[in-house]
Amino acid sequence: MSKLLIVGTVAFDAIETPFGKTDKILGGAATYIGLSASNYNVKSGIVSVVGGDFPEEYLTMLQNKGVSTEGVEVVKDGKTFFWSGKYHNDMNTRDTLATELNVLEHFNPVVPQDIKNTEIVMLGNLHPLVQNAVLEQLTEKPKLVVLDTMNFWMDIALSELKEVIKKVDVITINDEEARQLSGEYSLLVAAKKIQAMGPRYVVIKKGEHGAFLFHKEQAFFAPALPLEEVFDPTGAGDTFAGGFTGYLAKTEDVSFENMKNAVVHGSNLASFCVEKFGTERMQSLTESEINDRLSHFRELTQYEMNITK
Ligand code: AMP
């Protein structure tokens with residue numbers, strides 16, 4: 001049985017930060033989620049689509065990390081999803097310069113047989129109709145369905161997005177998106193309103209200011225690890241989601257108490273992602289680096305957490 005089914009874009013990104021600029025490099029929500037979750041050695045697979053312009057070596061790299069790409073359709077005569085963004089000097093905010101859906105526009109996902117029966121589903125960022133189509137193909141109810149989305153889909157497909165939101169257990173979004181989705185400024189009120197839309201758990205990410213986890217009247221907060229150097233925040237949210245779900249899949253415990261650990265594991269992995277451009281840092285990450293930083297995280301927060309993956 002597959003442990004983790006990942007949905008999301010597999011993409012080309014062009015990124016500009018105060019530290020430099022990249023041409024088209026490997027990106028995409030599912031790419032970051034897969035790379036991040038691969039650190040937990042759980043059986044995982046991506047459902048997505050790319051064009052004929054997508055280098056096979058990128059898919060091989062994911063496979064070598066133990067992430068199945070059997071569910072990644074290759075449209076030979078199509079172009080891969082392309083996103084371009086420019087970060088402001090504070091690195092906490094960015095402008096999207098281009099979103100070219102390309103092959104994503106007419107994508108009908110087909111979930112491979114051996115991952116139809118999965119314990120955890122991570123619906124990463126892409127069209128809510130695709131997220132929904134994946135859920136409809138599952139043969140058994142998963143233990144947990146987690147959704148990540150962004151303002152782009154709230155702007156162009158809000159009603160479809162709300163249909164998916166009704167079906168998920170956890171939503172992970174950033175503070176700005178939580179405010180847009182709920183129409184509330186206070187994150188506490190926003191989290192309550194979002195819970196009323198469907199998800200029993202709401203994770204609100206605040207970039208370098210950490211992440212909240214809300215469930216009924218309970219709340220938990222984990223700071224982000226303060227870093228000396230932040231080169232490129234792209235993919236931090238997806239990396240968080242990959243660490244969050246990878247940890248839950250590994251520990252097979254989806255209680256609120258264990259989700260606190262999952263938030264810390266997600267934040268820990270995201271802290272590596274931002275240290276280099278694109279996926280570079282996540283590709284070279286080692287187990288001992290992850291564990292060292294988790295220990296550092298514990299010292300910083302004085303929170304008695306279980307650091308075994
Ligand atoms: P994050 O920085 O965590 O928000 O994720 C950035 C990644 O999301 C990039 O690698 C992009 O390719 C991808 N991305 C950007 N816009 C979208 C979108 N509208 N739908 C799906 N993925 C996107």
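1. Before anything else, a word on terms: "contact" here means heavy atoms within 4.5 Å. Keep in mind, too, that this is a predicted model.

2. Let's put that term to work on Arg-281, which sits in helix H10 (residues 280–284). Setting aside neighbours within four places in sequence, Arg-281 is in contact with Phe-272, Cys-273, Glu-275, Lys-276 and Glu-289. Its relative accessible area is 10%, and buried means under 20%, so Arg-281 counts as buried.

3. Now the helix H9, which covers residues 256–273. How far apart are its end C-alpha atoms? They are 26 Å apart, and that agrees with the 26 Å its 18 residues should span at 1.5 Å a residue. H9 is also largely enclosed by the rest of the structure, because 17 of its 18 residues are buried.

4. Stepping back to the whole protein, there are 11 helices and 14 strands. Its radius of gyration is 18 Å, close to the 19 Å from the globule rule for 309 residues, so the protein is as compact as a globular protein of that length. Taken along the principal axes, the C-alpha atoms fill a box of roughly 55 × 45 × 40 Å.

5. What about burial and surface? Of the 309 residues, 57% count as buried. The accessible surface of the protein comes to about 13,100 Å², and carbon and sulfur atoms account for 48% of that.

6. On contacts across the chain: take those between residues at least 6 apart in sequence, and 66% of them join residues at least 24 apart.

7. Gly-52 gives a local example of residues meeting across sequence. You'll find Gly-52 in the loop between strand S5 (44–51) and helix H2 (56–64). Leaving out neighbours within four places in sequence, Gly-52 is in contact with Val-74, Val-75, Lys-76 and Gly-78. Lys-79 is 27 residues from Gly-52 in sequence, and their C-alpha atoms are 6.4 Å apart. With 42% relative accessibility, Gly-52 counts as partly exposed.

8. Is Ser-186 buried or partly exposed? At 30% relative accessibility, Ser-186 is partly exposed. This residue is in the loop between helix H6 (175–182) and helix H7 (187–197). Measuring along the chain, Ser-186 and Met-282 are 96 residues apart, while 33 Å separates their C-alpha atoms.

9. Last, the charges: the protein has 29 positive and 42 negative ones, and their mean positions are 5 Å apart.

Notes
Residues are numbered from 1 along each chain as its sequence is written. This is a predicted model: local features need pLDDT of at least 70, side-chain atom pairs count only at pLDDT 80 or more; totals for chains, interfaces and linings use all residues. Side-chain values use heavy atoms; hydrogens and water are left out. Helices (H or I, at least four residues) and strands (E, at least two) are DSSP runs, numbered from the N terminus. The expected span of a helix is 1.5 Å times one less than its number of residues. Buried means under 20% relative accessible area, exposed over 50%, partly exposed in between (1.4 Å probe, protein chains only). The radius of gyration is taken over C-alpha atoms; the globule rule is 2.2 Å times the number of residues to the power 0.38. Accessible areas come from the Shrake-Rupley method with a 1.4 Å probe; for residues, only the protein chains shown count as cover. Lys and Arg count as positive and Asp and Glu as negative; His and the chain ends are not counted. The place of a charge is taken as NZ of Lys, CZ of Arg, CG of Asp or CD of Glu.
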